[in-house]
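Biologist: I am new to this model. Please walk me through it, one question at a time.

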Amino acid sequence: LNASGRAPAAWTPAYFHQRYGSAPTPPRRGVDSVTVPGAVSAWAALSERFGSLPFADLMEPAAEIAERGYLVPPVVQQKWAAGAPELQSQPGFRESFLPRGRAPEVGELFRFPDYAATLRALAATDCESYYRGALMERIVAFSRATGGYFCEDDFRNYRPEWVEPITQDYRGYTACEIPPNGHGITVLMALGILNGMTM
C-alpha cells in the first residue's frame with residue numbers, strides 16, 4: 001500500500017522559485033515542507049482490507065491515552081527538548097507541544113486532548129473527515145492562515161494506491177519494496193550490487 005504524501009497542486013517549480021529563490025532544497029519547516037498526509041488514509045485502507053475489528057475500536061486506545069495523558073519517558077523527552085528550539089516558532093507548536101512554555105520533563109504527565117478529539121473524529125468517519133470533511137476544512141484553513149497553499153481538492157483527490165511490489169532476489173531470499181515514488185528501489189539496487197560480490 002503506497003500511502004505516501006502528495007504535493008499540493010500549487011507546488012510547481014515556479015512557485016518554489018518565486019518564494020525561495022534558487023535554493024537547492026525545499027524548506028525544512030513550515031507549510032511548504034508538508035505534503036498532503038497519506039498515513040491516515042492507510043489506516044482506513046488497511047483496516048478495510050485486512051481488519052476484523054470495527055475501525056473505531058482500533059482508534060480508541062490511542063485516543064484514551066492522549067486524553068488521560070502519559071508520563072514522558074527519557075528518550076522521548078530528549079528528542080522533544082532537542083527539537084523545541086527549532087520548532088517553537090512554527091504556528092501552533094507552542095500551544096500543542098509546549099503546554100508549560102517548555103518541553104515536558106522526564107516523568108511529567110503530558111495530555112493531548114485535541115489529539116484525542118481528532119482520533120475520535122477519524123474513528124467516527126473511517127478517516128473520511130480528514131480528506132473530505134470537517135478535519136480537512138480545518139487543515140486547509142490553517143494552511144491558508146499561515147501562508148500555505150493547500151486547497152480542498154488537494155485532500156479530496158487523495159487516495160492511497162495498492163501497488164505491485166518490486167523485488168530483488170538475494171542469496172536465497174526475495175526482498176520486496178514499494179516501487180517509485182518510494183525509496184525502496186535503492187535497497188533493491190544495493191542488494192543487486194551485493195549479489196555480485198563475494199563475502
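Modeller: First, a definition: helices (H or I, at least four residues) and strands (E, at least two) are DSSP runs, numbered from the N terminus. This is a predicted model, where local features need pLDDT of at least 70 and side-chain atom pairs count only at pLDDT 80 or more, while totals for chains, interfaces and linings use all residues. Residues are numbered from 1 along each chain as its sequence is written, and side-chain values use heavy atoms, leaving out hydrogens and water.

Biologist: How many helices and strands are in the protein chain, and which pattern do they follow along the sequence?

Modeller: The protein chain has 10 helices and four strands. Read along the sequence, they give the pattern α-α-α-β-α-α-β-α-α-α-α-β-β-α.

Biologist: What share of the residues of the protein chain count as buried?

Modeller: Buried means under 20% relative accessible area, exposed means over 50%, and partly exposed is in between (1.4 Å probe, protein chains only). The protein chain has 199 residues, and the buried share is 28%.

Biologist: Which residues have the most contacts inside the largest nonpolar core?

Modeller: A nonpolar core is a set of buried Ala, Val, Leu, Ile, Met, Phe, Trp, Tyr and Cys residues joined through side-chain atoms within 4.5 Å. Helix 2, helix 3, helix 4, helix 6, helix 7 and helix 8 each supply at least two residues of the largest core. This core has 30 residues, and those with the most contacts inside it are Leu122, Tyr130, Tyr131 and Phe155.

Biologist: Which residues does Tyr130 touch?

Modeller: Contact means heavy atoms within 4.5 Å. Residues up to four places away in sequence are not counted. Tyr130 then touches Pro37, Val40, Leu122, Leu135, Met136, Ile139 and Phe155.

Biologist: Is Ser41 buried or exposed?

Modeller: Ser41 sits in helix 2. Beyond residues up to four places away in sequence, Ser41 touches Ala3, Tyr131, Tyr158 and Pro160. Its relative accessibility is 8%, so Ser41 counts as buried.

Biologist: How far apart are the end C-alpha atoms of helix 3?

Modeller: The expected span of a helix is 1.5 Å times one less than its number of residues. Helix 3 has 14 residues (55-68), so it should span 20 Å. The end C-alpha atoms agree with that, at 21 Å apart.

Biologist: Where is the kink in helix 3 centred?

Modeller: The bend at a residue is the angle between axes fitted to the seven residues ending there and the seven starting there. In helix 3 the kink is about 30°, and its centre is Pro61.

Biologist: Which helices do the buried residues of helix 3 pack against?

Modeller: Phe55, Met59, Ala63 and Ala66 are buried in helix 3. The buried residues of helix 3 pack against helix 2 (39-50) and helix 6 (113-124).

Biologist: What is the phi of Cys127?

Modeller: Cys127 lies in the loop between helix 6 and helix 7. It counts as buried because its relative accessibility is 2%. Cys127 is not a glycine, yet its phi is positive, about 75°.

Biologist: Which residue is the bridge partner of Thr167 in strand 4?

Modeller: Two strands pair if DSSP finds at least two bridges between them. Strand 3 (residues 166-170) and strand 4 (residues 173-177) pair in the antiparallel sense over five bridges. In strand 4, Thr167 has as its bridge partner Cys176.

Biologist: Which residue takes a positive phi in the hairpin of strand 3 and strand 4?

Modeller: This hairpin has two residues between the strands. The residue with a phi near 50° is partly exposed, at 43% relative accessibility. It is Arg171.

Biologist: What is the separation of the C-alpha atoms of Pro180 and Asn2?

Modeller: Pro180 lies in the loop between strand 4 and helix 10 (184-195). Pro180 is exposed, with a relative accessible area of 55%. Pro180 and Asn2 are 178 residues apart along the chain, but their C-alpha atoms are separated by 9.5 Å.

Biologist: Why are the buried residues of helix 10 said to be on the same side, and what arc do they cover?

Modeller: Gly184, Leu188 and Leu191 are buried in helix 10. The arc is that of the directions from the helix axis to the C-beta atoms. These residues are on the same side of helix 10 because they cover an arc of only 60°.

Biologist: Which strands do the buried residues of helix 10 pack against?

Modeller: Met189 and Ile193, on the other side of helix 10, are exposed. The buried residues of helix 10 pack against strand 3 and strand 4.
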